[in-house]
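Got your viewer open? Let's take a short walk through this one, selecting a few things as we go.

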Amino acid sequence: MRPDPAGVLTGAHYLDGDFACGEGAMAAGCRFVAGYPITPSTEVVERISRRFPAMGGTFIQMEDELASMAAVVGAAWTGTKAMTVTSGPGFSLMMENIGLAAMMETPCVVVNVQRGGPSTGLPTMVGQGDVMQARWGSHGDYEVIALTPQSPQEAFDLTIDAFNLSERFRVPVMFMMDECVGHMTERVVIPEPEEIDVVPRVLTDKSPQEFEPYSVNGTEIPEFARAGDGYRFHTTGLTHDERGYPVMSVDCQETCVSRLLDKINDNADEIVRFEEEGIEDAEVVVVTYGITARVARLAIDLARAEGVKVGLLRLIVIWPFAERRIRDLARSVGAMVVPEINYGQLVLEVERCAGGRCPVVSVTHGGGGVHDPAVIAKKIIEAGASRT
Amino acid sequence: MSEGGRVEVRVTGFGGQGVVLAGHIIGRACAIHAGKNATMIQSFGPEARGSACSATLAISDGEVLYPYIGRPDILVAMSSEGFEKYRDELKDDGILVYEQDLVHPVVKEGQRAYGAPSTRIAESLGRAIVQNIVMVGFFGATTGLVPVEALREAVEHSVPAGTEKLNLAAFDRGFEYHKNVLTQPALEVDRPPLEGAPG
């Protein structure tokens, strides 16, 4: 359906990635944000808190990140599209309630503008060290969806996609920006409301008497009833049956948890998104994401000038992982090179999917800046040389 | 200028002068009103009001991939401390645009420097706060990097509502001041000579 025009600031703007993310959220229909300010993410909520009153939205500056995530879960259960915004240290604090959101199948968006870590690390400087935490940060088995924008324009576009995916799959979606994209200002074109697709919260048409909150009847996503609409139901972080009641049994655990995984994994082909450049005859493929994808394209130019046939696979959705594509590529290319601003995180997934069919080279950076393109180019050239 | 038509600019001054807004206006003029791409990064550090602060721009007719700058083609210095901090990185054939009452530059052979009393001009308009906009006007005239109409539009869209008239007056005064220091823009660009410039 089309978005509420009140949230869509149509036109060409000069915005940083944080502001663009905020605009994307408002265009997607987000009307509740709870957060605790943290560099480099604060501009997202600055933007939203300034614009929300005119469209009837609610922003609450909470006492901390635990409470922020709890408020988002609560708001989402009233039928509102809800989001929180943070950076690494706050992301760690949110993990408990992100797990709750996953278990309760709560549609919501968590924005993490990544900075250098661990701990409080480099507050004002870039990192990509939270990409594994986005997937594995809370305890137990669950699946999430995570996206990585490479520009302010994508911060706008993909925030809308993040909300749409959260609604479609009733799952917390991690929006993994990085400080560089968050704090860089570029042209952002916001289309007319008629050109934007938003997935609304679909409410059950069952009567309160027949409704069961976690009954799926052959589908993988349960129907939603808003708290306060007269439906008597129970929802909990405990392992639960179709009625939402806790049941401590092996059978119920299997039914309850496997569906949390299956609803994402069975639909991975629909969710996974990537962009390819010059892959057709590539001997080396650079696999990367976020700001590092832009820097890698300069490295690719340098390596091509040295005669290396090199292509780019830019991951847009990092979770679920582009497993099938990496498996296929590993059969046909000589090597994969994986630059990221951490000491080697998503490269582990690339290695796993490549399954030893081709060498996988990690190009690490501890954070605080982006790679020197020449450093990535050197690894590409070495990988190309070992191929021949 | 850099390869591939990429031009790099650093704007520096002290916190509170509107350094980031000046950078934002130049970037917006390029990216929204002049059909170029412009990536702006503002410095985030322990900067507070009064200490050196800066914004950088990578401007190109093509795509800007690498967001940070190396050695800028143009340094806009609105404070002495900012100039001292960044003077060495200006390209050997780069252009310095500066606040002449606050910055007393020594430039290398091959570099060109253009100063304007932007603070005094702003004060003569009744508000020292528009000093940065005077400087944006002077930058536009001296460098010729982006058409004056684009810069003017960017000023109009970037300043607080209700202050457009004052800020546009500041911009025009800064722009006109170039007549005191040079006859045509410092960059070789494919456009007609400046209005009022001889020859």
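**Stop one: a strand in chain B**

Start by selecting strand S3 of chain B, residues 52-60: 9 of its 9 residues are buried, so the strand is largely enclosed by the rest of the structure. Bear in mind that this is a predicted model. Turn S3(B) around and you'll find both faces covered. One side has Ala52(B), Ser54(B), Thr56(B), Ala58(B) and Ser60(B), while Cys53(B), Ala55(B), Leu57(B) and Ile59(B) sit on the other.

Now add strand S1 of chain B (residues 7-14), which runs antiparallel to S3(B) and is joined to it by 8 bridges. Click Phe14(B) to see its bridge partner, Ala52(B). Next, add strand S2 of chain B (residues 37-42), also antiparallel to S3(B), with 6 bridges between them. There, Thr39(B) stands opposite Ala58(B).

**Stop two: salt bridges in chain A**

Side chains of opposite charge can pair when their charged atoms come close. How many salt bridges are there over all chains? A search of the whole structure finds 34.

Select Glu23(A) and Arg51(A), whose side chains meet at 2.7 Å, N to O. Glu23(A) is in helix H1 and Arg51(A) in helix H2 of chain A, so this pair ties together parts 28 residues apart in sequence. Are the two buried or exposed? Both are buried.

Finish with Arg352(A) and Glu323(A), a salt bridge of 3.1 Å, N to O. This pair links helix H12 with helix H11 of chain A, 29 residues apart. Add Arg327(A) and Glu349(A) to your selection, and you have a network of salt bridges linking these four residues.

Technical notes: Residues are numbered from 1 along each chain as its sequence is written. Chains are lettered from A and ligands numbered from 1 in the order in which they are written. This is a predicted model: local features need pLDDT of at least 70, side-chain atom pairs count only at pLDDT 80 or more; totals for chains, interfaces and linings use all residues. Side-chain values use heavy atoms; hydrogens and water are left out. Buried means under 20% relative accessible area, exposed over 50%, partly exposed in between (1.4 Å probe, protein chains only). Helices (H or I, at least four residues) and strands (E, at least two) are DSSP runs, numbered from the N terminus. Two strands pair if DSSP finds at least two bridges between them.
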